[in-house]
Amino acid sequence: MDHLNCAAEVQEFYAGQPFTVKLLDMMTGRIMVRCRQSCGRIAGKWQLEVDGTRHSFGQFLVNDMAAGEERELLLSVEVPDLFYGSTAVLIIRFFDENGTEVAFESFEMQPSVRLLPLSVKEQYFTGVRFGVSGAIISSGKLSAEIDANGMRELRYNGEKLFTGGPRLSLYRAGLVPESLKNLKLDRLKVAADRFVSDGSSVECHAIALPTLMEMDELEFTQRFTPQEDGSIRYDAEFVVPESFAGIPRLGVYWYLSPAMKSVTFNGNGPWENYPGEAGSVNSRYTLPVDTMYPRNSRISAGCRSNVSSVIFPDEVSGCGLQIISGSTFSFTVLPFDEFAIADAAKSGSTPLASSCPVLYIDCRIGRNQPVKAGVYRMTLFFRGIPQK
């Protein structure tokens with residue numbers, strides 16, 4: 001398995017770059033370049049990517065800058081109208097006189113208009129039906145079985161995409177503050193207490209119960225709504241009490257089909273990165289699932305941040321799953337769950353791989369996105385990918 005740089009390695013590399021870049025205007029690409037060390041002739045190249053494909057590009061020069069000097073540049077970037085879920089990213093690279101890349105930076109750009117995706121007209125039932133133990137959400141060829149705990153499985157044209165989840169995710173091995181150790185977040189009990197429908201959607205409400213019962217519970221609400229374009233909308237709401245403030249992550253996780261061997265995503269990459277970090281480039285990447293978690297003792301997981309879309313093809317059925325964000329998120333794919341990592345760390349052994357890849361999607365994660373007491377929301381859209 002090829003090694004992908006971890007966050008600590010990327011940060012070390014980024015700190016040595018001779019330039020820092022600040023985006024002043026995301027509509028035009030006006031930037032401020034600050035020189036960390038004196039330089040002579042430096043060639044700059046910019047490229048605007050839309051969903052990982054080059055849309056436009058250009059060049060500029062940065063000559064004879066002294067250490068600490070700042071210079072404002074206008075790149076004349078024109079951001080096109082985008083469909084909802086698409087992303088435009090400005091990538092800036094600097095090269096010395098020998099053509100060696102000495103610095104880079106990337107910024108997500110704001111379009112003037114966001115367009116709704118074209119509706120897919122399929123002659124299939126779209127709506128909510130109730131069975132013995134739960135509900136069935138149907139949206140075109142996409143269907144989900146929902147019970148009081150959330151989504152039991154997700155299928156496209158009869159092929160299973162999710163085999164379990166979503167489940168509440170608050171834990172990350174090695175990052176739990178001492179003040180929260182008594183909550184035992186890796187073994188937190190989540191109890192469903194409400195399962196309702198208004199006829200057009202299904203809502204599940206649960207509470208996360210801490211070990212110390214006198215503490216307040218964390219409320220977790222999920223809502224599933226079929227869409228006319230053949231997708232299913234997923235809304236998650238987290239009500240975090242003061243007793244849970246400081247948890248390492250706030251999100252959900254699913255068990256994927258074992259046949260999903262690769263992932264394509266629009267976001268920061270290709271290496272591990274976390275919200276607020278510099279040094280990664282926002283673009284479109286395709287990686288084998290088993291390389292998303294580098295075997296490196298200095299990392300806690302193979303997170304990718306600022307993600308707007310994730311695609312998992314199923315190599316057996318030929319169909320697959322696309323997840324589009326209502327707002328950008330962080331995601332991780334592990335060959336085992338976080339509980340296996342924690343158990344292995346205690347015993348000094350290798351984590352036991354699960355039969356299915358585990359997908360984590362976080363609305364907040366890491367020290368740059370501290371989880372305080374309050375209400376947090378996340379919206380995702382699930383789309384099926386037709387068979388080839």
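**Figure 1. Aspartate 51 in the loop between strands S3 and S4**. In this predicted model, aspartate 51 is partly exposed, because its relative accessible area is 23% and the buried class ends under 20%. The loop that holds aspartate 51 follows strand S3 (39–50) and leads to S4. Phi of aspartate 51 is near 55 degrees. That is a positive value in a residue other than glycine.

**Figure 2. Phenylalanine 60 in strand S4**. Strand S4 covers residues 53–65. Phenylalanine 60 counts as buried, because its relative accessibility is 11%. Not counting residues up to four places away in sequence, phenylalanine 60 touches Ile42, Ala43, Gly44, Lys45 and Trp46. Leu73, Leu75, Ile92 and Phe94 complete the list of its contacts. Glycine 44 is 16 residues from phenylalanine 60 in sequence. In space, the two C-alpha atoms are 5.0 Å apart.

**Figure 3. Leucine 154 and the nonpolar cores**. In soluble globular proteins, nonpolar side chains tend to be buried together. Here the largest nonpolar core has 77 residues. Those with the most contacts inside this core are Leu154, Phe162, Phe238, Trp254, Phe331, Leu359 and Phe382. Apart from this core lies another, of 25 residues. Among its members are Val21, Val50, Met65 and Met109. Leaving aside neighbours within four places in sequence, leucine 154 is in contact with Leu142, Ser143, Ala144, Glu159, Lys160 and Leu161. Leucine 154 also contacts Phe162, Ile232, Leu321 and Phe382.

**Figure 4. The cis peptide bond between glycine 165 and proline 166**. Omega of this bond is about 0 degrees. Proline 166 sits in strand S14, which covers residues 159–169. Lysine 184 belongs to the loop between S14 and strand S15 (189–197). Phi of lysine 184 is near 50 degrees, a positive value in a residue other than glycine.

**Figure 5. Serine 243 in the loop between strands S18 and S19**. Strand S18 covers 232–240, and strand S19 covers 249–256. Serine 243 counts as buried, because its relative accessibility is 16%. Leaving aside neighbours within four places in sequence, serine 243 is in contact with Leu180, Leu183, Met215 and Asp216.

**Figure 6. Prolines 270 and 275 in the loop between strands S20 and S21**. The loop runs between strand S20 (262–269) and strand S21 (281–288). A cis peptide bond joins glycine 269 and proline 270, with omega about 0 degrees. Proline 275 counts as buried, because its relative accessibility is 12%. Leaving aside neighbours within four places in sequence, proline 275 is in contact with Ser305, Ser330, Ile365, Asn368 and Gln369. Alanine 340 is 65 residues from proline 275 in sequence. Their C-alpha atoms are 25 Å apart.

**Figure 7. The whole protein, as a setting for the close-ups.** The secondary structure comes to 2 helices and 25 strands. The radius of gyration is 22 Å, close to the 21 Å that the globule rule gives for 388 residues, so the protein is as compact as a globular protein of that length. Along the principal axes, the C-alpha atoms fill a box of roughly 75 × 55 × 40 Å. Of the 388 residues, 52% count as buried. Among contacts between residues at least 6 apart in sequence, 64% join residues at least 24 apart. The protein exposes about 17,700 Å², and carbon and sulfur atoms supply 49% of this area. The protein has 38 positive and 45 negative charges, and the mean positions of the two sets are 2 Å apart.

Conventions. Residues are numbered from 1 along each chain as its sequence is written. This is a predicted model: local features need pLDDT of at least 70, side-chain atom pairs count only at pLDDT 80 or more; totals for chains, interfaces and linings use all residues. Side-chain values use heavy atoms; hydrogens and water are left out. Helices (H or I, at least four residues) and strands (E, at least two) are DSSP runs, numbered from the N terminus. The radius of gyration is taken over C-alpha atoms; the globule rule is 2.2 Å times the number of residues to the power 0.38. Buried means under 20% relative accessible area, exposed over 50%, partly exposed in between (1.4 Å probe, protein chains only). Contact means heavy atoms within 4.5 Å. Accessible areas come from the Shrake-Rupley method with a 1.4 Å probe; for residues, only the protein chains shown count as cover. Lys and Arg count as positive and Asp and Glu as negative; His and the chain ends are not counted. The place of a charge is taken as NZ of Lys, CZ of Arg, CG of Asp or CD of Glu. A nonpolar core is a set of buried Ala, Val, Leu, Ile, Met, Phe, Trp, Tyr and Cys residues joined through side-chain atoms within 4.5 Å.
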